[in-house]
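Work through these exercises with the sequence and the model side by side. Try each task before reading its solution.

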Amino acid sequence: MNRELPMESEGYLVVHVTTARGSIPLEGASVSIRANEDAESTPRADILYATTTNRDGNTERITLSAPPRENSMSPSEVPPFSTYHLEVRREGYGMQSFVALPIFAGITAIQPVDLIPLSEDGTSNLLRPEDERFFENSPADL
């Protein structure tokens, strides 16, 4: 029994880019989207969509292909969503990358991205395992 798969539909994505743990929107961040199955091997020329964020830190609503909603109505080997690879960059900040970002037909996904500023030498200020960490139940060492 040969069953045809229905044509693909459209899903949507808005990327919301901030810094300072979500407190400050970042204008001018570069957002690029590639098909997830080629995320590791696709050269930059194969970017499906590229845009920048506005003053509110948001991209416009990006239209992406997704399987039809009917795929989610019954068990199947075909997933009811498409997956994409998302990269967000801005000068002076560390790059963020998201793999297997799901997009469902007819749904607008909002992906929050919090970029971390780089230090003056171009490295991130992230804690390393050897760095001292503080926990809520630890007394303050003043």
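**Exercise 1: A charged pair**

Task: In this predicted model, find what the side chains of Arg34 and Glu87 form together.

Solution:
- Step 1. Arg34 and Glu87 meet through their side chains in a salt bridge, at 2.8 Å from N to O.
- Step 2. Place the partners. Arg34 belongs to strand β3 and Glu87 to strand β6. They are 53 residues apart, so the bridge links distant parts of the chain.
- Step 3. Check exposure. The cut-off for buried is under 20% relative accessible area. Arg34 has 8%, so it is buried. Glu87 has 9%, so it is buried too.

**Exercise 2: Extend the network**

Task: How many salt bridges are there by this rule, and which residues do shared partners join into one network?

Solution:
- Step 1. The count is two.
- Step 2. Beside the Arg34–Glu87 bridge, the side chain of Glu87 also meets that of Arg89, at 3.2 Å from N to O.
- Step 3. The shared partners join Arg34, Glu87 and Arg89 into one network.
- Step 4. Arg89 has a relative accessible area of 36%, so it is partly exposed.

**Exercise 3: Classify the aromatic pair**

Task: Is the pair formed by Phe81 and Phe104 stacked, tilted or edge-to-face?

Solution:
- Step 1. The whole structure holds one aromatic pair.
- Step 2. The ring centres of Phe81 and Phe104 lie 5.2 Å apart, and the planes make an angle of 50°. Stacked needs under 30 degrees and edge-to-face over 60. The pair is therefore tilted.
- Step 3. Phe81 sits in strand β6 and Phe104 in strand β7, so the pair ties together parts 23 residues apart in sequence.
- Step 4. Both rings belong to partly exposed residues: Phe81 has 29% relative accessible area and Phe104 has 36%.

**Exercise 4: A charge over a ring**

Task: Over which ring does the charged end of Arg61 sit?

Solution: Go to Tyr12. The charged end of Arg61 is over that ring, 3.8 Å from the centre.

**Exercise 5: Map the core**

Task: Which residues of the largest nonpolar core touch the most other members, and which strands each supply at least two residues?

Solution:
- Step 1. The core has 19 residues, and Val15, Val17 and Val88 touch the most other members.
- Step 2. At least two core residues come from each of β1 (9-19), β3 (30-35), β5 (62-66), β6 (81-89) and β7 (96-104).
- Step 3. Look around Val88. Leaving aside neighbours within four places in sequence, its contacts include Val15, Val17, Val31, Met95, Val113 and Leu115. Ala29, Ser30 and Gln96 are also in contact with Val88.

Notes: Residues numbered from 1 in each chain as written. Predicted model: local features only at pLDDT ≥ 70, side-chain atom pairs only at ≥ 80, totals over all residues. Heavy atoms only, no water. Core = buried A, V, L, I, M, F, W, Y, C linked by side-chain atoms within 4.5 Å. Buried < 20%, exposed > 50% of the residue type's maximum accessible area, 1.4 Å probe, protein only. Helix = DSSP H or I, 4+ residues; strand = E, 2+ residues; numbered from the N terminus. Contact = heavy atoms within 4.5 Å. Salt bridge = Lys/Arg side-chain N within 4 Å of Asp/Glu carboxyl O. Phe/Tyr/Trp six-rings, centres within 6.5 Å; stacked < 30°, edge-to-face > 60°. Lys NZ or Arg CZ within 6 Å of the ring centre and 35° of its normal.
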